[in-house]
Amino acid sequence: MDDFTAEQRARKFVQSVTLASAPVPLEPYLAHIGAKVTADDDLAEGEAGYTMTAKGRHTIVVNGNDSERRQRFTICHEIGHVVLELESEHDDPSWSYERRPPNEICCDIFAAELLLPVSLFRPALLKREIDAQSMTDLAEQFNASLFATGSRMVAFSSEPCAFVVSQGGKIKYVFRSSPLRDAKLWVPSGIMLPDRSLSAALRKEATSAGPIELDADEWFDDVEGGVVLEDAIYNASRDQMLTLLRLDIEDMPEKAESSIYSRQEDDEGLKELDGYLPWPSKR
């Protein structure tokens, strides 16, 4: 199953229940598939949960030591396994940004669609800037993770922006808005955070504050000119960084004439370097 199919099936599932406001109650989703939820306090750290099925009834088990937001995501993720009929491929801890197996990616996409449904999230985003404060406020409003919220912000934004996820100082995933993809601009993954970035500064000193302005080529590959506005949130206990980048539509950087990536993308259709979600790459 591909990401797009998971997204579309999630949206169809959401349409089968009535949602009036955020945060979205999970009971209608659970009732629709005939499932109940129980907590297990003995699950190991990083083990988010699993689903047991007997005689057509599903029991979703969540880690009783996880936060409410984490549990809500786990519930929706497990609903995804049931609806999409995908087997679990749990290996890395649920909070890790290491590359996840295909089935888990699809269920992550499904979960984000349930927690941050288009009909409620898009109108809420219209009133917000693409910055860390908005990501925090929307996550609180929808009782969802910062990861899911940041990804959705970029997915629905009409501005050229990106959501960058890094762990241990290394960029793991980059989610781009449609305008940024149309401009054929990207942040390379698999490299360390730029030295002059706010994100790098936050890893060294948690008191650093954003947003800040930088030359666009600090973050974006093979560009000339332009500035980028950067804001970020750092989780020191897990050494994880969530970064939001926004370009000024009136002062967009241009692709460097000598860029090999530019030629490849134009001539060969170079695959996007967006990580695992179009969302959600999409998380």
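**A three-stranded sheet and a buried threonine**

In this predicted model, 3 strands build an open sheet in the order E1-E3-E2, with mixed pairing. Its edge strands are E1 (35–40) and E2 (49–54), each pairing on one side only. Strands pair here if DSSP finds at least two bridges between them, and strands (E, at least two residues) and helices (H or I, at least four) are DSSP runs numbered from the N terminus.

**The sheet and its helix**
- Neighbouring strands of this sheet are turned by 25° against each other on average, direction ignored.
- E1 and strand E3 (residues 57–63) run parallel and are joined by 6 bridges.
- Asp-40 has Asn-63 in E3 as its bridge partner.
- Helix H3 (residues 68–84) packs on the sheet and touches E1, E2 and E3, where contact means heavy atoms within 4.5 Å.

**Around Thr-243**
- You will find Thr-243 in strand E9 (residues 240–247).
- Thr-243 counts as buried because its relative accessibility is 0%; buried means under 20% relative accessible area (1.4 Å probe, protein chains only).
- The side chains of Thr-243 and Ser-199 share a polar contact of 2.7 Å.
- Leaving out residues up to four places away in sequence, Thr-243 touches several residues, including Phe-163, Trp-219 and Asp-231.

**The whole chain**
- The protein chain has 10 helices and 10 strands.
- Of its 283 residues, 50% are buried.

**Reading notes**
- Residues are numbered from 1 along each chain as its sequence is written, and side-chain values use heavy atoms, leaving out hydrogens and water.
- Local features need pLDDT of at least 70, side-chain atom pairs count only at pLDDT 80 or more, and totals for chains, interfaces and linings use all residues.

Notes. A polar contact is a pair of N or O atoms within 3.5 Å; within protein, one must be able to donate a hydrogen and the other to accept it, and residues adjacent in sequence count only if both atoms are side-chain atoms. Axes are lines fitted to C-alpha atoms, for helices over the stretch in contact, and angles run from 0 to 180 degrees between N-to-C directions.
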